[in-house]
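Reader: I should like to learn how the features of a structure are read. May we go through them one at a time?

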Amino acid sequence: MTELDVGPIDYLALEFPESRLNGRGLAALLDLVERGIIRILDLRVARRTEEGDVVAVELRDLDHDGELDLAVFEGVGSGLLDDDDLSQGVELIAPGNAVGLIVYENTWAGPFVSAMRAAGAEVIASGRIPVEDVAAALDALEAEQTSPSTTPAQTREGEV
């Protein structure tokens, strides 16, 4: 892999109410990794005590069921996510809850961007549209499509 084959790097902060980490989402995460869609660069978990203290959680048996939930990610660390980031992530959650921070590469995009560069194109911008904006736009589109259409008799002269 060359430097040009690196895809965009993103992060997620996930709050786990009452520090309940049951492992249900891990199957989806593992699937994305196994299919080569993403590559986990950093994965850290911390708990915020009722007193507000930060307690890092080992990436092993998160749900205490005797199985190594995240053994496949044990030792993953690129250095992009540090203790300050973990502390900031904990500040986002309520006392008694846990936070999971994931830094990942969108590996699917690397070869595409490399191919476009080889064809003479350059990436001039990239970004993320907040999910709330996408949901609002889809809701508005659905409302527009389900509302009764205006008949020609209802339009005023000169309107199209």
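Author: Let us begin with accessibility: a residue is called buried under 20% relative accessible area, exposed over 50%, and partly exposed in between, with a 1.4 Å probe and protein chains only. At 30% relative accessibility, Arg117 therefore counts as partly exposed. The model is a predicted one, in which local features need pLDDT of at least 70 and side-chain atom pairs count only at pLDDT 80 or more, while totals for chains, interfaces and linings use all residues. Residues are numbered from 1 along each chain as its sequence is written, and side-chain values use heavy atoms, with hydrogens and water left out.

Reader: How many residues of strand β2 are buried?

Author: Helices (H or I, at least four residues) and strands (E, at least two) are DSSP runs, numbered from the N terminus. Strand β2 covers residues 39-48, and 7 of its 10 residues are buried, so the rest of the structure largely encloses β2.

Reader: In what order do the strands form the sheet?

Author: Two strands pair if DSSP finds at least two bridges between them. Here 4 strands make an open sheet with antiparallel pairing, in the order β1-β4-β2-β3. Strands β1 (9-16) and β3 stand at the edges with a single partner strand each, so one side of each has no neighbour in the sheet. On average, neighbouring strands of this sheet are turned by 25° against each other, direction ignored. For such angles, axes are lines fitted to C-alpha atoms, for helices over the stretch in contact, and the angles run from 0 to 180 degrees between N-to-C directions.

Reader: Which residues are the bridge partners of Arg47?

Author: Arg47 has Ala98 as its bridge partner in β4 and Val55 as its bridge partner in β3. Strand β2 pairs with β4 (residues 98-105) over 8 bridges in the antiparallel sense, and 4 bridges join β2 to β3 (residues 54-57), also antiparallel. The hairpin of β2 and β3 has 5 residues between the strands, and Gly52 takes a positive phi near 95° there.

Reader: Which helix lies across β2, β3 and β4?

Author: Contact means heavy atoms within 4.5 Å. Helix α2 (residues 83-91) lies across these three strands and runs at about 55° to β2.

Reader: What is a salt bridge, and how many does the structure hold?

Author: Side chains of opposite charge can pair when their charged atoms come close. The term salt bridge is used for a side-chain nitrogen of Lys or Arg within 4 Å of a carboxyl oxygen of Asp or Glu. The structure holds 5 salt bridges. One of them joins Asp10 and Arg128, with the closest N and O atoms 2.8 Å apart. Asp10 lies in strand β1 and Arg128 in the loop between α3 (109-118) and α4 (131-146), so the pair ties together parts that are 118 residues apart in sequence.

Reader: Is Asp10 buried or exposed?

Author: Asp10 has 15% relative accessibility and therefore counts as buried, whereas Arg128, at 56%, counts as exposed.

Reader: Which residue forms a salt bridge with Glu105?

Author: Arg39 does, with the closest N and O atoms 2.6 Å apart. This pair links distant parts of the chain, with Glu105 in strand β4 and Arg39 in strand β2, 66 residues apart. Glu105 is buried at 0% relative accessibility, while Arg39 is partly exposed at 37%.
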